Structures are given as structure tokens and as C-alpha cells.
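Hi there,

Here is the structure I promised to send over. Have a look at it first, and then read on for what turned up.

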Amino acid sequence: MPQPTPLLADFALRLAGGLAILLLVTRRRAVPPAFFRTHCQIVLALLVLAALDLGRLGASRPVEAGVVAAAVVAYLASACWGLGLPRLGVPATSMVAAVVSALLIVASRRPTAEGWAIHAAGRLASAFLLGATLSAMLLGHHYLTAPSMTIDPLRRYVLCMAIGLAVRVAIEVVGLGARGGTTTVEPMFLAMRWGMGFAGPALAMFLAWRTVVIRSTQSATGILYIAFAFVLFGEISAMVLARGGGVVS
């Protein structure tokens, strides 16, 4: 099996890819341009972090070059959004999302095609879930300075969180079934992964949805902080446990 992607770089790539994908499903006329610029700056910082980690540990040159190229495009996307040029910002953001998604798929290589497909799907679902949760939390802050902004973008983000979590759970179940229902992970750690990584975010998302419906954006933002903490715990736990072959990456 190929050498696994360093943990820090793997996490940074997932979060960067998820944030880029979420920008593509955001209605540009409903959200201030500064939100898009800030998002791209966060993506740029994450990609630089991934490139530094890969370079420090001597990753393959093509992978490192792909991350650097994505970082350059993320910088250009940030500049385009900052200058109010969505016709250039959208293609640049799409390119970042495509390159990072490809890198995540490559990082999921396994000896069998089935294993590769399951772990690639797991990484992409993880990226989408992380990106949706952080995007929703950041968007909640915009309502403090723009209270008249429509609630539809935040509602869409919370829905994306729910979809990402549901897909992540489904892929984990499929992965467990592919292993014949057995796992090398201790029951206590598996319970932590499913409890704090799946059940916790599910409850937080439900509460966030209820507060969004009544347009209580401050309460929703506070709940989304908790949701992001749960998702972080769950995804980082999965990344660590997957290196022992017990769960999907």
C-alpha cells in the first residue's frame, strides 16, 4: 500500500476542498462578496499548510506540485472575488475544488478497486461535511453585521451539513459491510467515533435547523460552533483510526 498522506496535510486538503465546493453552491447575490474572498483566503492558508507538511515529510513531487498549483489558483480566486469579478472567481474556485478533489482521490489508493472507491468516497464526503460545517459557522457571523440578509444561504448550508453527515454515515456502513462487519478498532474508540462524530453533529444540526427556521441567527451560530467541534473530533478520529484499517478514511 502507498505511504499514507501526512495527517495534517490530509486534514488541510479535506477542509480546503470542502470550503471551495461550498462556495460553488452559494448564491452570489444573497451573500456579501467579502464572504467569498475570506473563504478563498482560508482555502489558500490551508493549502499552504498542506504543501509545507508534504514538503517537510518528503511527499511525492506530483502531489506536492498539485497542492502548490491549487494554492496559486486559490490566491487568484481570492483576488478575483475581492475585485468583484465573479466571472473569474467562479472558474478559479471550481479549479481549486477539482484539483483538491483529485488529490484526495489519489490519496485514497488501496490495493483493490473496491477499497479505493470506498475510501475515496469517504474522503470526499469528509471534505464536504467539514466545509459545510465551517462555512455555516462563518456565515452565521455575517448576520451580525448584515441582519437584513436573507436566511436562505444559512438554511442551505445547514442542509448541506445534514447531507454530508448522512453520506458519511452511509459510506462508513458500506465500508464496515465490505469488511464483513468486523473491525480492528477497539469498541470504546468506535463508540467515540460514532457517538461524538455522528450522533453529536446530528443533534447539533437538528437544533441549528430549528433556530434557522425561526431566524434566530445568533443562537444558530452558537450551535454551529458546537457542531463544528463535534465534526472536527469525529473526522480527526476517523483519520487516525483509518491508519489502522479499522474505519473508512
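Let me begin with Arg168. Leaving aside its neighbours within four places in sequence, Arg168 is in contact with Arg14, Gly122, Ala125, Ser126, Arg193, Phe198, Glu235, Ala238, Val248 and Ser249. Arg168 belongs to helix α6, and with a relative accessible area of 0% it is buried. Please keep in mind throughout that this is a predicted model.

One of the contacts of Arg168 is Arg14, and that residue leads to the next part of the story. Arg14 forms a salt bridge with Asp10, with 3.1 Å between the closest N and O atoms. The two residues are four apart in helix α1, so about one helical turn separates Arg14 from Asp10. Are they buried or exposed? Both Arg14 and Asp10 are buried. The pair is also part of something wider: a network of salt bridges links Asp10, Arg14 and Arg123.

Now for the way α1 packs. As a reminder, two packed helices are described by the angle between their axes and the distance between the axes. Helix α1 (residues 7-24) and helix α5 (residues 113-145) pack at an angle of about 65°, and their axes are 7 Å apart. The crossing in which α1 passes α5 is right-handed. On the α1 side, the contact is made by Asp10, Phe11, Arg14, Leu15, Gly18, Leu19, Ile21 and Leu22. The α5 side brings Arg123, Ser126, Ala127, Phe128, Leu130, Gly131, Ala132, Leu134 and Ser135. Sorted by class, the residues of this contact of α1 with α5 are 10 nonpolar, four polar and three charged. Asp10, Arg14 and Arg123, the residues linked by the salt-bridge network, are among the residues listed for this contact.

Helix α1 also meets helix α8 (residues 217-242). Their axes come within 11 Å and cross at roughly 135°, and α1 and α8 are therefore oblique to each other. Here too the crossing is right-handed as α1 passes α8. Which residues meet there? From α1 they are Leu7, Asp10, Phe11 and Arg14, and from α8 they are Leu232, Glu235, Ile236, Met239 and Val240. By class, the contact of α1 with α8 has six nonpolar, no polar and three charged residues. Glu235 of α8 may look familiar, as it is also among the contacts of Arg168.

While we are in α8, take a look at Val231, which has its place in that helix. Val231 is buried, and its relative accessible area is 0%. Apart from neighbours within four places in sequence, Val231 is in contact with Leu129, Leu130, Thr133 and Pro201. Where Thr133 is concerned, the two residues are 98 residues apart in sequence, yet their C-alpha atoms are 7.8 Å apart in space.

Back to charges for a moment. Side chains of opposite charge can pair when their charged atoms come close. How many salt bridges does the structure hold? There are eight salt bridges, and two more of them are worth opening in your viewer:

- Arg61 and Glu64 form a salt bridge, their closest N and O atoms being 3.6 Å apart. They are three residues apart in helix α3 (residues 61-82), and so are separated by about one helical turn. Arg61 is exposed, at 66% relative accessible area, whereas Glu64 counts as buried at 17% relative accessibility.
- Asp152 and Arg155 meet through their side chains in a salt bridge of 2.5 Å, N to O. These two are three residues apart in helix α6 (residues 152-178), and about one helical turn separates them. Asp152 counts as partly exposed at 34% relative accessibility, and Arg155 is partly exposed as well, with a relative accessible area of 26%.

One last item concerns the backbone. Most residues other than glycine have a negative phi, and most peptide bonds are trans. Arg215 is not a glycine, but it has a positive phi of about 60°. This residue lies in the loop between α7 (187-213) and α8, and at 36% relative accessibility Arg215 counts as partly exposed.

Happy browsing, and all the best!

Definitions and conventions
Residues numbered from 1 in each chain as written. Predicted model: local features only at pLDDT ≥ 70, side-chain atom pairs only at ≥ 80, totals over all residues. Heavy atoms only, no water. Axes fitted to C-alpha atoms, helices over the stretch in contact; angles between N-to-C directions. Parallel < 35°, antiparallel > 145°, perpendicular 65-115°, else oblique. Left-handed = near helix turned anticlockwise from the far one by under 90°. Contact = heavy atoms within 4.5 Å. Nonpolar A, V, L, I, M, F, W, Y, C, P; charged D, E, K, R; others polar. Salt bridge = Lys/Arg side-chain N within 4 Å of Asp/Glu carboxyl O. Buried < 20%, exposed > 50% of the residue type's maximum accessible area, 1.4 Å probe, protein only.
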